[in-house]
Amino acid sequence: MANFEFDFPKDFLKELDIFSRGDLPEKMINAGLPIYQKSIQNELILHRQSGALINSVKSTKAKASRNNAIIGNVIFKGYDADGTPNVLKAMALQYGNYKQEASPFMEAATRKCEDQVIETMQEVFNTEVGE
């Protein structure tokens, strides 16, 4: 049988413990969500018809799920003037339908803002941990 031995720095476990108490994960996610929301809106400008879809992009506050994962969402809220759900329009744009080809925008939005989101979340972490 293999035997492994790990020596963790004392501060390492202390830093991990910060996630088990307080609202640090929520603060980190909440700091990154507006950046992601703006990136999605910027990608949708290329597909703008009325602006209703762009204006429907909203972020929710991060919260714990049933299995204690901390989750925040960027959603397409509401309906357009014709009564079509904005989320349905976003799905048709992303994946296509029988009337239009797919114009994937979510991957581009994610790629373009990923570094900025990570940097912002790291800043929140450093501020809260005291580095």
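# Worked exercises on a predicted model

Tyr-95 is exposed, at a relative accessible area of 58% (buried means under 20%, exposed over 50%, partly exposed in between; 1.4 Å probe, protein chains only). The model is predicted: local features need pLDDT of at least 70, side-chain atom pairs count only at pLDDT 80 or more, and totals for chains, interfaces and linings use all residues. Residues are numbered from 1 along each chain as its sequence is written, and side-chain values use heavy atoms, without hydrogens and water.

## Exercise 1: the overall layout

Task: state how many helices and strands the protein has, and give their pattern along the sequence.

Solution.
- Step 1. Count the elements: there are 5 helices and 4 strands (DSSP runs, numbered from the N terminus: helices are H or I with at least four residues, strands are E with at least two).
- Step 2. Read along the sequence: the pattern is α-α-α-β-β-β-β-α-α.
- Step 3. Add burial: 28% of the 131 residues count as buried.

## Exercise 2: surface patches

Task: find which residues make the nonpolar surface patch that includes Tyr-95, and which form the negative one that includes Glu-123.

Solution.
- Step 1. Apply the rule: patch residues have over 30% relative accessible area and no salt bridge; like charges are joined within 9 Å, nonpolar side chains (Val, Leu, Ile, Met, Phe, Trp, Tyr) within 5 Å. Areas come from the Shrake-Rupley method with a 1.4 Å probe, and for residues only the protein chains shown count as cover.
- Step 2. Start at Tyr-95, which lies in helix α4. Together with Val-87, Leu-88 and Met-91, Tyr-95 makes a nonpolar patch of about 430 Å².
- Step 3. Turn to charge. Asp and Glu count as negative, Lys and Arg as positive; His and the chain ends are not counted. A charge is placed at NZ of Lys, CZ of Arg, CG of Asp or CD of Glu.
- Step 4. The negative patch consists of Glu-114, Asp-115, Glu-119 and Glu-123.
- Step 5. Place Glu-123: this residue sits in helix α5, residues 106–129. Glu-123 is partly exposed, at 46% relative accessible area.

## Exercise 3: salt bridges

Task: say how many salt bridges the structure has, and which residues are joined into one network.

Solution.
- Step 1. The search of the whole structure gives 4 salt bridges (a side-chain nitrogen of Lys or Arg within 4 Å of a carboxyl oxygen of Asp or Glu).
- Step 2. Take Lys-89 and Asp-80: their side chains meet at 3.4 Å, N to O. Lys-89 is partly exposed at 22%, whereas Asp-80 is buried at 16%.
- Step 3. Shared partners join Asp-23, Lys-27 and Glu-128 into one network.
- Step 4. Inspect the links. Lys-27 meets Asp-23 at 3.7 Å, N to O. Asp-23 is partly exposed at 39% relative accessibility, and Lys-27 is partly exposed at 33%.
- Step 5. Glu-128 meets Lys-27 at 3.4 Å, N to O. Glu-128 lies in helix α5 and Lys-27 in helix α2 (residues 24–44), so this pair ties together parts that are 101 residues apart in sequence. Glu-128 is partly exposed at 38%.

## Exercise 4: the aromatic pair

Task: describe the geometry of the pair formed by Phe-76 and Phe-105, and say which parts the pair ties together.

Solution.
- Step 1. Choose the descriptors: the distance of the centres and the angle of the planes.
- Step 2. The structure holds 1 aromatic pair (rings of Phe, Tyr and Trp, its six-membered ring, with centres within 6.5 Å; planes under 30 degrees apart are stacked, over 60 edge-to-face, the rest tilted).
- Step 3. Phe-76 and Phe-105 pair edge-to-face, at 6.1 Å centre to centre and 90° between the planes.
- Step 4. Phe-76 lies in strand β4 (residues 74–76) and Phe-105 in the loop between α4 (86–95) and α5, so the pair ties together parts 29 residues apart in sequence.
- Step 5. Check burial: Phe-76 is buried at 15%, and Phe-105 is buried at 1%.

## Exercise 5: apart in sequence, apart in space

Task: give the sequence and C-alpha separations for Glu-123 with Met-28, and for Tyr-36 with Met-106.

Solution.
- Step 1. Glu-123 and Met-28 are 95 residues apart in sequence, and their C-alpha atoms are 8.5 Å apart.
- Step 2. Tyr-36 lies in helix α2 and is partly exposed, at 22% relative accessible area.
- Step 3. Tyr-36 and Met-106 are separated by 70 residues in sequence and by 9.8 Å in space, C-alpha to C-alpha.
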